[in-house]
Amino acid sequence: MKVLSPAKINLFLHVTGKRADGYHDLFTLMCCIGLFDELTFELTDSGVSVRCDHSAVPSDASNLAHRAATLFFERTGIQAGVSITLVKHIPVAAGLGGGSSNAATVLVWLNNRFGRPLSMDRLLEMGALLGADVPFFIFGRPALATGIGNRLVAYPLLPSLPVVLIHPDIPVSTGDIYKSFNLTLTNNKKISTIHSFTKQTPFEFAKHLENDLETVTLERYPEIGAAKKRLVAAGARGVLMSGSGPAVFGVFKDPAAAEQAYATIPRQTGERLFCATLLTAGHTA
Ligand SMILES: C[C@@](CO)(OP(=O)(O)O)[C@H](O)COP(=O)(O)OP(=O)(O)OC[C@H]1O[C@@H](n2ccc(N)nc2=O)[C@H](O)[C@@H]1O
Ligand SMILES: Nc1ncnc2c1ncn2[C@@H]1O[C@H](COP(=O)(O)OP(=O)(O)O)[C@@H](O)[C@H]1O
């Protein structure tokens, strides 16, 4: 049984506070895009195993797909196992949520396969134990997220536009970026502006695309700013880094403009480009 597991982008990401546990509170708009990993499931009598073709992704019990399946069997008490084959197409540690998406896909698939022993609320709770982005992928629709990214409200007003992604070949650790983030640099001006954006506010690409974590990454990795400039030069209506980076995306007015940009943007060594569409109608894991 083959299932697709999508990437996400953050159309805005505001860091609104730092919590006692070291995590950061966010206000972010997330949407899946049509760039997918592939998971194949085979049910077994017992045990969990994961095979993954990507050298930067573990195949042992630390793989997020493995952790998700183990958690599912532990929490439900179901006596069975699963063998998962994972083919990665989503760049790893890119700010595109690939591992979190895989974990969500596993939880939702197993839950459906075993007759839904877990409610949506339970699934969301379990997802949050695996990673801050996992609940969003379980939720499955464009969403405004608060808390550490786990309190979700559907956002229905995103137009289904195409994006071109550039993934510069730079290793970026989400934890490191948050650790270096200076809350006071970005926070003061914001709180009222941020809270005026609700699920009824139409999204304006010229106005709302903003990611506080760029204050860390653009300074540290000039390649990210340079990639944004190439997207602008190729005609993007707006450009932004996704999540903690290093992937950046440009939003284009139609598929032809995106394909033209994808074909003509000059590539740097090691970098990968992708064309994908915002999955505004949601996706099913
Ligand atoms: C930045 C975002 C935006 O969507 O995405 P990515 O760049 O990872 O895709 C998320 O906040 C990342 O979510 P996720 O990648 O699931 O984070 P986790 O594995 O839970 O956390 C990795 C580390 O980042 C820090 N962290 C994460 C989330 C958060 N709201 N505040 C934090 O300070 C913590 O130090 C944590 O140990
Ligand atoms: N199934 C998985 N897919 C991708 N990365 C995984 C997976 N399981 C564990 N990881 C690890 O999680 C880290 C973050 O990967 P990923 O989810 O792709 O990035 P991001 O947090 O930037 O969205 C990587 O260091 C990777 O080795």
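**Note on a predicted model with two ligands**

1. In this model, which is predicted, the end C-alpha atoms of residues 204–266 lie 28 Å apart, and the span is 52% helix and 16% strand. These are the residues for which UniProt, in an unreviewed entry, lists the feature "domain: GHMP kinase C-terminal".

2. A second annotated span comes from the UniProt record as well, where an unreviewed entry places "domain: GHMP kinase N-terminal" at residues 63–141. Over residues 63–141 the chain is 58% helix and 9% strand, with 24 Å between the end C-alpha atoms.

3. Turning to the ligands, a reader may ask which residues are the closest to ligand 1. Of the 20 residues that surround ligand 1, the closest are Gly131, Ala132, Tyr178, Gly243 and Ser244. The elements that give two or more residues to this shell are β1 (2–18), β2 (24–44) and α5 (174–180).

4. By residue type, the shell around ligand 1 divides into 13 polar, 6 nonpolar and 1 charged. Both domains take part in the surroundings of ligand 1, since at least three residues of the shell are drawn from each of domain 1 (2–154) and domain 2 (162–277).

5. Ligand 2 is likewise surrounded by 20 residues, and here the closest are Asn63, Leu64, Gly98, Gly99 and Asn102. Two or more residues are given to the shell around ligand 2 by each of the helices α1 (64–76) and α2 (98–113), and α2 gives the most, with 4 residues.

6. How do the residues around ligand 2 divide into nonpolar, polar and charged, and what does each domain give? The shell around ligand 2 holds 10 nonpolar and 10 polar residues and no charged ones, whereas the shell around ligand 1 includes 1 charged residue. As for the domains, the shell around ligand 2 draws at least three residues from each of domain 1 (2–154) and domain 2 (162–277).

7. The helix α2 deserves a paragraph of its own, being the element that gives the most to the shell around ligand 2. α2 has 16 residues and reaches 22 Å from its first C-alpha to its last, which is close to the 22 Å expected at 1.5 Å a residue. Is α2 mostly covered or exposed? The helix is mostly covered, with 14 of its 16 residues buried. Just after α2, glycine 115 takes a positive phi of about 80°.

Note on methods
Residues are numbered from 1 along each chain as its sequence is written. Chains are lettered from A and ligands numbered from 1 in the order in which they are written. This is a predicted model: local features need pLDDT of at least 70, side-chain atom pairs count only at pLDDT 80 or more; totals for chains, interfaces and linings use all residues. UniProt positions are given in the numbering used here, feature names are shortened, and annotations may be inferred rather than shown by experiment. A residue is near a molecule or strand if its C-beta atom, placed from the backbone, lies within 6 Å of it. Ala, Val, Leu, Ile, Met, Phe, Trp, Tyr, Cys and Pro count as nonpolar, Asp, Glu, Lys and Arg as charged, and the others, Gly among them, as polar. Domain bounds come from an automatic or database domain assignment. The expected span of a helix is 1.5 Å times one less than its number of residues. A residue is buried if 20 or more other C-beta atoms lie within 10 Å of its own, exposed if 12 or fewer, and partly exposed in between; C-beta atoms are placed from the backbone.
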